[in-house]
Amino acid sequence: PDSRTCCCIIEDVRTLTMAEAEGDETYQPAPTVDMDINTALQEVLKTALYHDGLARGLHEAAKALDKRQAHLCVLASNCDEPMYVKLVEALCAEHNINLLHVDDSKKLGEWAGLCKM
């Protein structure tokens, strides 16, 4: 199974403050500018990853969805396994968790910190 197929944000990134990030000099929040949905999603995923609030891969995402820990689920549209898509969509619908589709699993993997492209 491709671990870049799905990821879930399990920590409420809206409540994270600059005080939490001040302990590490490498954390640089994005400047407030107009951005498209992909750029905004990249920033949210980076923030969640930084605070260890990201469930990556189908197994971790399914567990987070089933335990209702997820605030948002991101699924790659080019996932070639229909049962994965069906499972993730069903868990999101059952627990009223927002589901966002992105075009490419490789992009999602990069955004979730699984690889560098």
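## Exercises on a predicted model

The structure holds one salt bridge, and the model it belongs to is a predicted one.

**Exercise 1.** Determine which side chains meet in the salt bridge, and where they lie in helix 2.

*Solution.* Begin with the general principle that side chains of opposite charge can pair when their charged atoms come close. Here the side chains of E43 and K46 form the pair, at 3.6 Å from N to O, which satisfies the criterion of a Lys or Arg side-chain nitrogen within 4 Å of a carboxyl oxygen of Asp or Glu. Next, place the two in helix 2 (residues 37–50), where E43 and K46 are separated by about one helical turn because they are three residues apart. Finally, K46 counts as partly exposed, at 42% relative accessibility.

**Exercise 2.** Decide whether C92 is paired or unpaired, and buried or exposed.

*Solution.* A disulfide requires two cysteine sulfur atoms within 2.5 Å, and by this rule the count is zero. For C92, the nearest cysteine sulfur is that of C73, 4.0 Å away, and C92 is in no disulfide. With a relative accessible area of 3%, C92 is buried.

**Exercise 3.** Describe the largest nonpolar core and the elements that give two or more residues to this core.

*Solution.* The core has 16 residues, and C73, C92 and A70 are among those with the most contacts inside it. Helix 3 (57–66), strand 3 (72–76) and helix 4 (82–94) each give two or more residues, with the largest share, five residues, coming from helix 3. Leaving aside residues up to four places away in sequence, A70 touches C8, I9, I10, A64, L65 and I97. Apart from this core lies another, of twelve residues, including L45 and L108.

Notes: Residues are numbered from 1 along each chain as its sequence is written. This is a predicted model: local features need pLDDT of at least 70, side-chain atom pairs count only at pLDDT 80 or more; totals for chains, interfaces and linings use all residues. Side-chain values use heavy atoms; hydrogens and water are left out. A nonpolar core is a set of buried Ala, Val, Leu, Ile, Met, Phe, Trp, Tyr and Cys residues joined through side-chain atoms within 4.5 Å. Buried means under 20% relative accessible area, exposed over 50%, partly exposed in between (1.4 Å probe, protein chains only). Helices (H or I, at least four residues) and strands (E, at least two) are DSSP runs, numbered from the N terminus. Contact means heavy atoms within 4.5 Å.
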